[in-house]
Amino acid sequence: VLPSPEGPIPSVSITEIRQYLRAQGIPFHDGYSCLHTPSLFTGGRENQPPQAAAGAPYTLFIDKTTGSFLCTATLAEGTWQDFQANVELRHRGIPPASSEELEEDMRQAREDARCIWDRALPLWELLDEEETSKTKAMFGISLVTDATLKRFGVRYLRTAKSLVFPWFSPRDATLKGLKLVRVEKKGDAIAYVEETLPRFDSYHNLFGLPLIGRRDTELVLTGWELDALALHQATGVASLALPRGATCLPPTLLPYLEQFKRITLWLGEDLRSWEAAKLFARKLNLKRCSLVRPGDLQPRPLEALNQGLNITKILRAALPASHKSIVSFRQLREEVFGELVNTEQVAGVKWARFPELNKLLKGHRRGELTIFTGPTGSGKTTFISEYALDLCMQGVCTLWGSFEINNVRLAKIMLTQFATQRLEDQLELYDEWADRFEDLPLYFMTFHGQQNIKTVIDTMQHAVYMYDITHVVVDNLQFMMGHEHLSVDR
């Protein structure tokens with residue numbers, strides 16, 4: 001039976017996945033966040049049953065939470081349903097399709113990346129010493145050695161005054177994309193502006209991955225490329241940087257992290273990175289994760305290098321992520337102190353456009369529910385889309401469930417608010433604003449009108465796992481509940 005096109009992807013449990021693999025005679029190891037099996041996609045063995053490939057390394061990884069798979073040898077990926085279909089095809093002797101047909105956009109992005117990469121200079125080959133040291137000082141990496149920059153392949157693009165971080169395929173070391181980082185001065189503060197090719201949603205890069213050896217079992221996961229450089233230089237430990245920092249850990253990256261027995265998360269120096277680290281540790285499996293808690297003597301790795309702190313000592317003091325169910329105050333003592341020192345950050349992410357709202361709510365904190373009420377037409381949706389956009393622009397991953405107006409209209413309202421101008425009158429600016437809007441960590445549920453509440457909650461949970469959502473907007477409750485449960489306490 002064909003699934004209904006608008007229905008959600010049927011969910012699958014880990015028990016069903018294991019039973020299916022056993023029934024098909026496919027061998028597997030139980031990993032931390034994935035099951036490992038021999039690949040169906042590596043060439044030359046199409047006609048043999050998967051057991052024959054048992055001697056080969058297990059390069060296919062099945063996510064225990066969603067059932068989706070990735071083969072790290074051929075980069076074939078898909079849903080659990082796709083995996084089953086490929087197993088069926090194999091039984092009939094049909095080789096699985098190759099996954100290399102790139103979309104035109106991706107191909108274009110790779111060509112653009114290649115052009116930029118060819119124009120960029122290795123940072124240690126600039127015109128003269130002075131330009132090199134000025135450039136390094138601008139990015140705060142004066143203490144990062146040329147050997148480290150060379151090892152990670154960092155380059156500099158003069159025309160854009162940007163550092164260029166390459167993304168090489170871990171399989172064949174071809175260039176698949178880039179991240180450009182430049183510095184912008186806002187008064188005394190400096191901000192780092194990032195741009196990626198291809199765009200963020202298909203940028204599944206772990207910076208530093210090609211340098212990882214097969215035998216490496218310990219890893220430090222950072223939230224920023226420059227932190228990975230500083231860490232590796234100071235300690236020699238394998239270190240990788242997440243593509244979007246502490247914003248999210250896409251599940252497609254989990255297979256590349258399966259080989260590590262110990263992972264230390266050191267994502268940044270504020271409480272949001274600490275919260276993100278706790279969330280990511282759950283995805284990666286708590287048993288193998290430790291977290292570096294932000295504090296005065298434990299800033300982000302680059303800062304620690306610049307301050308001459310002992311980075312190895314900070315790593316040794318990382319806390320195990322799996323706290324026991326019962327703790328004494330002594331174990332909480334440091335965290336309580338952290339909350340007292342960072343009262344501003346504890347209050348949550350502040351709204352940039354609503355100072356009055358900050359007085360009322362202090363900020364957006366996870367795990368809290370805020371209800372806005374008002375008569376029809378009083379501007380609830382308009383206000384809440386502005387309110388959510390404000391947070392989203394600060395990197396708060398947001399999921400919208402609009403049951404009242406459709407997503408196209410909602411996105412139009414939000415894009416107008418984002419561009420702070422009427423785009424109807426200047427359509428030539430549309431693509432530029434739409435590109436910037438597309439890079440926000442913003443997702444929409446595709447429901448409309450009355451919905452079964454269980455379906456909605458399942459969808460939210462799926463989104464939290466996939467995109468690390470920390471802010472969900474439901475507009476509005478009446479529509480979602482419909483009128484079917486009048487007897488139930490709504």
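Select Ser162 and Arg182: Ser162 stands opposite Arg182, which lies in strand E9. Strands here (E, at least two residues) and helices (H or I, at least four residues) are DSSP runs, numbered from the N terminus. Two strands pair if DSSP finds at least two bridges between them.

Before going on, note what is on the screen. This is a predicted model, in which local features need pLDDT of at least 70 and side-chain atom pairs count only at pLDDT 80 or more, while totals for chains, interfaces and linings use all residues. Residues are numbered from 1 along each chain as its sequence is written, and side-chain values use heavy atoms, with hydrogens and water left out.

**Stop 1: the sheet around E8**

Select residues 162–168, which make up strand E8. Six of its seven residues are buried, so E8 is largely enclosed by the rest of the structure. Buried means under 20% relative accessible area, exposed means over 50%, and partly exposed lies in between (1.4 Å probe, protein chains only).

Add residues 175–186, strand E9, which runs antiparallel to E8 and is joined to it by seven bridges. The hairpin of E8 and E9 has six residues between the strands. Within that hairpin, Ala173 takes a positive phi near 60°.

Now add residues 155–157, strand E7, on which three bridges to E8 are found, again antiparallel. Tyr156 has Leu163 of E8 as its bridge partner. Four residues lie between the strands in the hairpin of E7 and E8, and there Lys161 takes a positive phi near 50°.

Widen the selection to the whole sheet. It is open, has five strands in the order E6-E7-E8-E9-E10, and its pairing is antiparallel. Strand E6 (121–122) and strand E10 (189–197) stand at the edges with a single partner strand each, so one side of each has no neighbour in the sheet. E6 pairs with E7 in the antiparallel sense over two bridges. To see this pairing, select Pro122 and its bridge partner Arg155 in E7.

**Stop 2: helix H1 and its cover**

Select residues 14–23, helix H1, and pick out Ile17, Tyr20 and Leu21, which are buried. Looking down the axis of H1, the buried residues fall within an arc of 95° (the arc of the directions from the helix axis to the C-beta atoms), so they line one face of the helix. Arg22 and Ala23, on the other side of H1, are exposed. Just after H1, select Gly25, which takes a positive phi of about 70°.

What covers the buried residues of H1? Strand E2 (34–37), strand E3 (60–63) and helix H2 (80–91) are among the elements that do so.

**Stop 3: strand E3**

Keep E3 selected and show its side chains. Leu60 and Ile62 point one way, Phe61 and Asp63 point the other way, and all are buried.

E3 pairs with E2 in the antiparallel sense over four bridges. Leu35 stands opposite Ile62 of E3. Next select residues 69–71, strand E4, which runs antiparallel to E3 and is joined to it by three bridges. Ile62 has Phe69 of E4 as its bridge partner. In the hairpin of E3 and E4, which has five residues between the strands, Gly67 takes a positive phi near 85°.

**Stop 4: the surface**

Select Phe329, Leu332, Val336 and Leu340, which make a nonpolar surface patch of about 380 Å². Patches are made of residues with over 30% relative accessible area and no salt bridge, with like charges joined within 9 Å and nonpolar side chains (Val, Leu, Ile, Met, Phe, Trp, Tyr) within 5 Å. A salt bridge is a side-chain nitrogen of Lys or Arg within 4 Å of a carboxyl oxygen of Asp or Glu. Accessible areas come from the Shrake-Rupley method with a 1.4 Å probe, and for residues only the protein chains shown count as cover.

Is Phe329 buried or exposed? Phe329 is exposed, with a relative accessible area of 54%. Phe329 lies in helix H10 (residues 329–341).

Move to Ile371, in the loop between helix H12 (355–361) and helix H13 (380–392). Ile371 is exposed, at a relative accessible area of 56%. Add Val473: from Ile371 it is 102 residues away in sequence and 9.9 Å away in space, C-alpha to C-alpha.

**Last stop: the whole chain**

Clear the selection and show everything. The protein has 17 helices and 18 strands. Of its 490 residues, 44% count as buried. The protein exposes about 26,400 Å², and carbon and sulfur atoms supply 53% of that area.

Methods. Contact = heavy atoms within 4.5 Å.
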